[in-house]
Structures are given as structure tokens and as C-alpha cells.
Amino acid sequence: QVLVVIWFVILLLLIFSFLGTRGADRIPHSWQNFMESALDFVVDIARNQLGESFYREWIPFIGTLFLFIFGCNWAGAVIPWKLIQLPEGEFAAPTNDINTTVALALLTSFSYFYAGLSKKGLGYFKRYVNPIPLLLPINILEDFTKPLSLSFRLFGNVLADELTVTVLTSLVPLVIPLPIMLLGIFAGSVQALIFSTLAAAYIAEALE
């Protein structure tokens, strides 16, 4: 079920990209204006965290992370998947599945290792014994806690939002859940921003 919703989100992102780039003009209009605004927002995230020297090459990665998580969170908050009855399981936001958030966090980890190794080579591993070798275990542990915190933060927030809406809908249908759903849409957007910002910050740390 998660893969179905993931492919649905990817399809929507591709459709928006196509509409935003089809017949592009020097003066943006309609969908092009929307996509350029989204691109400017992603560029700001990358530039603020990575600086002028490195941000350009990481825009595709940071942008993909932000838009994918944003789309997944909104798909879970806006679309009433629970109305679709399945023989087993149910449709939900992909970020409501710990496997999705762990995969995104591991992808971020591989990216900042790649960033550090591509710039510094094997000298990147000197950071583990700086400023003193005594900090080696702590620095190694830090690399394990980064993906854990990224994955569980995103998973926990999305799961808590969906559980809150489900419980309130069963108790007081239609009226009370609407403000909570709006709050969930806002929270989903913030979580996408936090995840992509932290990913960019970790990459910037590896490049220092």
C-alpha cells in the first residue's frame, strides 16, 4: 500500500513539473510561476545551509527530499485514504511508515559521507579524532544518531497527526477534525522543511 501512494506522489510531482516547464516564458505565468516559487524556496534552503560555494550541486538532492516529503505528508493529510477499503492493510501517507523515513534518513547519511569523501578523500575520517582522539566513540555514535533522529522525528510526527485525526473523526465526525486536519497540513509542511534543512546542514558539516 505504501508503494502505491509513493508512486501516486511521484506521479503528481512529475505532472506539476511538466505543467510548470511546458512552454516556459521569460515572464512566469500560472504553473510556471508556481514551480519557480518552489524552486526558489529550495534554493534558499540549500544556499543558507551550504553557502555560495557548494549549494548549487546539492540543489537537486535537497529539492527532491523536500518535495517528496512535502508531497507524501500532504497526500496523507488531504486525501481521505481510509475511505478506500482494502482486503489487507490500508492506504496512508508513506511517511507514516518507518521503512520510508529510515530509507530517507539513510539516503541522507550516504549523501553527507559522499560529500565529505569527495572533497577531502580519506582525510575526511580525521574528523573522528578531532579535537582529541578521546572523542572517537562519541563522533562515531553521532553518525548513528543522525539518521535515527531524522527518521523517528518524521515518522513520529506524521503518525501522531494521523492517529489524532482518526480518533477525533470516530468520536466527533466532521466538525472537530477539520481544524486538526488543517494543523496536520501545516505540520506536514514544517516537517518537510525541517528534514531537508537538517539534511543540508549535515552535508555542509561534512564539507567544512
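Student: Which residues of α3 are buried, and what makes a residue count as buried?

Tutor: In this predicted model, the buried residues of α3 are Thr 100, Thr 101, Leu 104, Ala 105, Thr 108, Ser 109, Ser 111, Tyr 112, Ala 115 and Gly 116. They are called buried because the label needs a relative accessible area under 20%.

Student: What makes residues three or four places apart in an α-helix point the same way?

Tutor: An α-helix has 3.6 residues a turn, so a step of three or four places brings you back round to that direction. Now look again at the buried set in α3, which includes Thr 101, Leu 104, Thr 108 and Tyr 112.

Student: How do you know that the span of α3 agrees with its number of residues?

Tutor: Helix α3 runs over residues 98-120, 23 residues in all. The expected span is 1.5 Å times one less than the number of residues, which for α3 comes to 33 Å. The end C-alpha atoms of α3 are 33 Å apart, so the two values agree.

Student: What happens at the two ends of α3?

Tutor: At the start, a side-chain oxygen of Asp 97 comes to within 2.7 Å of the backbone nitrogen of Asn 99. The cut-off for a polar contact is 3.5 Å, so that 2.7 Å pair falls inside it. Just after the helix, Gly 121 takes a positive phi of about 65°.

Student: On to the rings. Why is the pair of Trp 58 and Phe 61 called edge-to-face?

Tutor: Two values decide, since a ring pair is described by the distance of the centres and the angle of the planes. Trp 58 and Phe 61 are one of eight aromatic pairs in the structure. Their rings are 6.1 Å apart centre to centre, with 80° between the planes. Pairing needs centres within 6.5 Å, and edge-to-face needs over 60 degrees, so both tests are passed.

Student: How many helical turns separate Trp 58 and Phe 61, and are they buried or exposed?

Tutor: They are three residues apart in helix α2, so about one helical turn separates them. Both Trp 58 and Phe 61 are buried.

Student: Which residues form an aromatic cluster?

Tutor: Phe 41, Phe 66, Phe 70 and Trp 74 form one.

Student: Why is Phe 70 called partly exposed?

Tutor: Its relative accessible area is 25%. Buried would need under 20% and exposed over 50%, so Phe 70 lands in between. Phe 70 is found in helix α2, and its C-alpha atom is 8.6 Å from that of Val 190, 120 residues away along the chain.

Student: What makes Phe 54, Leu 67 and Asp 25 partly exposed?

Tutor: Try the cut-offs of 20% and 50% on each one. Phe 54, in helix α2, has 26%, so it is partly exposed. Leu 67, also in helix α2, has 28% and gets that label too. Asp 25, in the loop between α1 (2-21) and α2, counts as partly exposed at 43%.

Student: How many cavities are there, and what makes a space a cavity?

Tutor: There is one of 30 Å³ or more. Rolling a probe the size of a water molecule over the atoms shows where empty space is left. The space is called a cavity because a 1.4 Å probe fits there but cannot get out. The largest cavity has a volume of about 90 Å³.

Student: Which elements line the largest cavity?

Tutor: Those giving two or more residues to the lining are α2 (30-78), α4 (136-171) and α5 (177-207). Among the lining residues are Asn 73, Ala 93, Asp 161, Glu 162 and Gln 191.

Student: How many lining residues are nonpolar, polar or charged?

Tutor: Four are nonpolar, six polar and two charged. Gly counts as polar here, so Gly 76, Gly 184 and Gly 188 go with the polar ones.

Student: What pattern does the protein follow along the sequence?

Tutor: It follows α-α-α-α-α, with five helices and zero strands. Of the 208 residues, 36% count as buried.

Notes
Residues numbered from 1 in each chain as written. Predicted model: local features only at pLDDT ≥ 70, side-chain atom pairs only at ≥ 80, totals over all residues. Heavy atoms only, no water. 1 Å grid on protein atoms, 1.4 Å probe; cavity = no way out; pocket = protein on both sides within 12 Å on 5 of 7 lines; lining within 4 Å. Points joined across faces, edges and corners; volume = space filled by probe spheres on them. Helix = DSSP H or I, 4+ residues; strand = E, 2+ residues; numbered from the N terminus. Buried < 20%, exposed > 50% of the residue type's maximum accessible area, 1.4 Å probe, protein only. Polar contact = N/O pair within 3.5 Å; in protein donor to acceptor, adjacent residues only side chain to side chain. Phe/Tyr/Trp six-rings, centres within 6.5 Å; stacked < 30°, edge-to-face > 60°.
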